[in-house]
Amino acid sequence: MKKLILALNAYPVLPAHSPGESMNDWLRKAIGTLSSDQRRSADTHMIKLDLPRLGGIDLYLKDESTHPTGSLKHRLARSLFLHAICSGKITQDTPIVEASSGSTAISEAYFARLLGLHFTAVMPRSTAPRKIEQIERLGGHCHFVDHGPAVYAEAENLARRCNGHYMDQFTHAEAATDWRGNNNIAESIFTQLALEPHPIPRAIVMSAGTGGTSATLGRYLRYQGHATRLVGVDPENSVFYDSYHHGDRNLTTEACSRIEGIGRPRVEASFLPEVIDEMRRVPDAASIATIHWLEARIGKKAGGSTGTNLWGALSLAREMRERGETGSIVTLMCDGGERYLETYYNPRWIAEQIGDTSLYARMLEDID
Ligand SMILES: *Cc1c(COP(=O)(O)O)cnc(C)c1O
């Protein structure tokens with residue numbers, strides 16, 4: 001118990017509202033709390049990969065693993081809370097409910113705690129104990145369902161029963177983020193590249209989970225009139241790729257993506273194909289080979305979606321080299337690999353779940 005209290009105290013908490021305090025006082029305090037969390041945060045680093053054989057082509061990896069809650073979902077969670085508070089959906093007593101077993105629940109638990117709000121993550125019973133621990137350490141509650149796809153309806157029901165707010169990341173991600181600027185991820189990328197040899201990248205490569213990040217990147221590129229192409233990458237067992245190519249938003253699959261955070265069984269509302277210039281499929285074995293290749297280069301472990309992104313970026317770089325072109329390419333490190341030691345960094349899990357990755361490992365050796 002002592003350990004738990006110590007862990008909880010490690011995070012700042014918004015003082016509970018006092019009797020007589022008006023709604024507006026809480027609102028001002030809540031917005032102030034979210035703004036100061038942002039102000040305390042440094043921008044995430046842009047790692048420049050050193051690949052001499054790609055002479056004249058610069059590859060950058062924006063490292064989103066350094067957010068306080070370890071992934072790019074820190075940005076999304078802050079935006080979702082701000083959007084819902086300013087839309088009048090969340091006040092000082094509103095319980096928050098989300099359907100997520102992943103990084104979103106961890107980031108939302110962090111912000112709920114900052115704001116003094118009750119948070120429940122609805123997740124499959126099979127969720128890894130490590131994640132449950134992380135959510136509970138941040139003061140969140142976990143509510144389990146037996147069957148994975150049941151999480152959405154259960155979260156909606158639970159929110160209705162407790163008079164709470166269902167955050168619904170897959171619907172609201174694209175609208176919650178301020179796409180014109182306000183130091184969103186796109187603006188940050190362009191500011192950080194300003195003094196580079198090729199400050200306007202030829203391409204930005206991004207996978208989709210909610211689709212929110214690619215929506216923000218694509219809208220920003222259009223708004224600014226940049227010539228940068230937005231290239232979407234999709235893992236196996238996901239409908240985004242086929243939906244993009246056939247223009248069908250109703251596609252579904254029974255399969256479940258093996259790359260955590262990306263690839264979905266349905267076309268989520270936040271996925272905006274209209275702002276994506278090109279979409280490619282990346283084999284899961286290539287994604288896994290790429291994170292091991294990356295670790296050997298920079299000494300950092302990344303999650304599987306970073307492998308999908310980077311495989312896409314490296315493929316583009318190889319094509320540019322073949323055409324004799326120069327320029328820069330940007331992609332994201334969405335989260336770190338420490339969350340996946342039992343899976344993507346466990347040779348037995350890889351052999352059983354993914355299969356042989358050596359073909360892709362050899363292709364990567366050819367790049368540098
Ligand atoms: C959510 C997520 C993504 C995809 O980002 P979206 O903006 O939701 O499309 C990629 N990688 C990881 C690890 C994620 O959690």
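User: What is the accessible surface of the chain, and what share of the accessible surface belongs to carbon and sulfur atoms?

Analyst: The model is predicted. Its accessible surface comes to about 16300 Å². Carbon and sulfur atoms hold 51% of that area.

User: What makes the chain as compact as a globular protein of that length?

Analyst: Start with the elements: the chain has 14 helices and 10 strands. Its radius of gyration is 21 Å, and the globule rule gives 21 Å for 368 residues, so the chain is as compact as a globular protein of that length. The C-alpha atoms fill a box of roughly 70 × 45 × 45 Å along the principal axes.

User: How many of the residues count as buried?

Analyst: Of the 368 residues, 54% do. The cut-off for buried is under 20% relative accessible area.

User: What share of the contacts joins residues at least 24 apart?

Analyst: Take contacts between residues at least 6 apart in sequence. Of these, 74% join residues at least 24 apart.

User: How far apart are the mean positions of the positive and negative charges?

Analyst: They are 3 Å apart. The chain has 40 positive and 44 negative charges.

User: Why is M46 called buried?

Analyst: M46 has a relative accessible area of 13%. Buried means under 20%, so M46 is buried. M46 lies in strand β1, residues 46-49.

User: What does M46 touch?

Analyst: Leaving out residues up to four places away in sequence, M46 touches Y60, L61, K62, I189, Q192, L193 and V330. Take K62: M46 and K62 are 16 residues apart in sequence, yet their C-alpha atoms are 4.3 Å apart.

User: Why is S126 called exposed?

Analyst: S126 has a relative accessible area of 68%. Exposed means over 50%, so S126 is exposed. S126 sits in the loop between β4 (119-124) and α5 (129-137). The C-alpha atoms of S126 and R28 are separated by 39 Å, with their positions 98 residues apart along the chain.

User: What makes E156 partly exposed?

Analyst: The relative accessible area of E156 is 41%. Partly exposed runs between the 20% and 50% cut-offs, so E156 belongs there. E156 lies in helix α6, residues 151-161. E156 and D168 are 12 residues apart along the chain, and their C-alpha atoms are separated by 8.5 Å.

User: Where is D178, and why is D178 called partly exposed?

Analyst: D178 is in the loop between α7 (169-176) and α8 (185-192). Its relative accessibility is 37%, between 20% and 50%, so D178 counts as partly exposed. D178 and L221 are 43 residues apart in sequence and 13 Å apart in space, C-alpha to C-alpha.

User: What is the phi of N183, and where is N183 found?

Analyst: Phi of N183 is near 55°, a positive value in a residue other than glycine. N183 is found in the loop between α7 and α8. Its relative accessible area is 37%, between the two cut-offs, so N183 is partly exposed.

User: What makes N237 partly exposed?

Analyst: N237 has a relative accessible area of 28%. That falls between 20% and 50%, so N237 is partly exposed. N237 is found in the loop between β8 (229-234) and α10 (240-246). Its phi is near 60°, a positive value in a residue other than glycine.

User: How do you know that the reach of α12 is close to the expected span?

Analyst: Helix α12 covers residues 304-322, 19 in number. From first C-alpha to last, α12 reaches 27 Å, close to the 27 Å expected at 1.5 Å a residue.

User: What makes α12 mostly covered?

Analyst: In α12, 16 of its 19 residues are buried. Just after the helix, G324 takes a positive phi of about 70°.

User: How does the reach of α9 compare with the expected value, and which residues of α9 are buried?

Analyst: Helix α9, residues 212-224, has 13 residues and reaches 18 Å, close to the 18 Å expected. The buried residues are G212, T213, S214, A215, T216, L217, G218, Y220 and L221.

User: What covers the buried residues of α9?

Analyst: The cover includes α7, α8, β7 (203-207), β8 and β10 (327-333). After α9 comes G225, whose phi is positive, near 70°.

Key: Residues are numbered from 1 along each chain as its sequence is written. This is a predicted model: local features need pLDDT of at least 70, side-chain atom pairs count only at pLDDT 80 or more; totals for chains, interfaces and linings use all residues. Side-chain values use heavy atoms; hydrogens and water are left out. Helices (H or I, at least four residues) and strands (E, at least two) are DSSP runs, numbered from the N terminus. The radius of gyration is taken over C-alpha atoms; the globule rule is 2.2 Å times the number of residues to the power 0.38. Buried means under 20% relative accessible area, exposed over 50%, partly exposed in between (1.4 Å probe, protein chains only). Contact means heavy atoms within 4.5 Å. Accessible areas come from the Shrake-Rupley method with a 1.4 Å probe; for residues, only the protein chains shown count as cover. Lys and Arg count as positive and Asp and Glu as negative; His and the chain ends are not counted. The place of a charge is taken as NZ of Lys, CZ of Arg, CG of Asp or CD of Glu. The expected span of a helix is 1.5 Å times one less than its number of residues.
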